[in-house]
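Trainee: I would like to go through this entry and ask how each label was earned. Please show it to me first.

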Amino acid sequence: MVRILLIEDEKPVRELTKVKLRDKYEILEAEDGLKAFDVLEREKVDLTIVDVMMPNMDGYEFVSELRSTKDETPVIMLTAMDSFLHKKKGYNLGIDEYLTKPIDYEELTWHIEAILRRYKINSEKEIVIGDFSLSEASMSATVSGRKVDLTETEFKLLHKLLSYPGVIFTKQQLMDEIWGYDSETDYSTIKVYINRIRNKIGECKEFEIISARGVGYKVEIDD
């Protein structure tokens, strides 16, 4: 069973979250960042959910310390603070998702499952869909036995979309994750790269990159 470390100083929130998730996951608990590291010294976890405002060591400090040790365990930050600057700080420290309270537990579960799928793919270094494969090691794709070289940006963009089939990513989400929050690149650049990818893998019948008009892009995998 997947093991999740829940770091939350408010006991009622911690207990309710544990009740909502325990049917699908094994939940370990800590009431602040310092106690979380005590848990991590003893236990291996697959994902961490962390609040921000906590005594002793807050969520930002916890993530900063975790990433400084080269620990790449996925982190969901769950907090009442919903400003752009708070989100930016979290993502810059290396979190995987930033969700705001009050907690929608169905949405939280969606994000947990998506992250676990993505990290499984990342750990294998390859996405395989029928006769198509995307390899991180060679930064290339293979379409029906034909190798297709990709630039780093093309690879990151295609990998992001393929990691979450059926999910629409807004242009802003893609811009922030692939090009960075401080990039001066505009949305037209995303369209250019999407078209380049489509042209390179044009004969691929395993999936399609679909434009959600005025919103963003998604991948649909053919059954």
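Mentor: Start with one term: a polar contact is a pair of N or O atoms within 3.5 Å; within protein, one atom must be able to donate a hydrogen and the other to accept it, and residues adjacent in sequence count only if both atoms are side-chain atoms. The model is predicted, so to speak of local features one needs pLDDT of at least 70, and side-chain atom pairs count only at pLDDT 80 or more, while totals for chains, interfaces and linings use all residues. Residues are numbered from 1 along each chain as its sequence is written, and side-chain values use heavy atoms, with hydrogens and water left out.

Trainee: How do you know where domain 1 and domain 2 lie?

Mentor: The bounds come from an automatic or database domain assignment. Domain 1 covers 3–119 and domain 2 covers 126–221. Their centres, taken over C-alpha atoms, are 28 Å apart.

Trainee: What makes the two domains count as being in contact?

Mentor: Contact means heavy atoms within 4.5 Å. By that rule, 7 residues of domain 1 meet 5 residues of domain 2. Buried area is the accessible area (1.4 Å probe) that two parts lose on being put together, summed over both. Here that comes to about 600 Å², with 55% of it on carbon and sulfur atoms.

Trainee: How many polar contacts and salt bridges cross the interface of domain 1 and domain 2?

Mentor: For residue pairs in polar contact, both at pLDDT 80 or more, the rule finds 0 across this interface. A salt bridge needs a side-chain nitrogen of Lys or Arg within 4 Å of a carboxyl oxygen of Asp or Glu, and the interface again has 0.

Trainee: Which helices supply the side of domain 1 that touches domain 2?

Mentor: Helix H4 (84–93) and helix H5 (105–124) each give at least two residues. Helices (H or I, at least four residues) and strands (E, at least two) are DSSP runs, numbered from the N terminus. The largest share, 4 residues, comes from H4.

Trainee: Why is the pair Lys18 and Glu29 called a salt bridge?

Mentor: The closest N and O atoms of Lys18 and Glu29 are 2.7 Å apart, and the limit is 4 Å, so the pair qualifies. Lys18 is in helix H1 (residues 11–21) and Glu29 in strand S2 (residues 26–30), 11 residues apart. In total the rule counts 17 salt bridges.

Trainee: What makes S11 and S12 a pair?

Mentor: Two strands pair if DSSP finds at least two bridges between them. Strand S12 (residues 216–221) is joined to S11 by 6 bridges, running antiparallel, so the rule is met. Ala212 stands opposite Gly216 in S12. The open sheet has 3 strands in the order S10-S12-S11, with antiparallel pairing. Strand S10 (169–170) and strand S11 (207–212) are its edge strands, as each pairs on one side only.

Trainee: How many bridges join S8 to S9?

Mentor: Strand S8 (residues 140–143) and strand S9 (residues 146–149) share 4 bridges and run antiparallel. Ala141 has Val148 in S9 as its bridge partner. The hairpin has 2 residues between the strands, and Ser144 takes a positive phi near 50°.

Trainee: What makes the bond from Lys101 to Pro102 cis?

Mentor: Its omega is near 0°. Pro102 sits in the loop between strand S5 (97–100) and H5.
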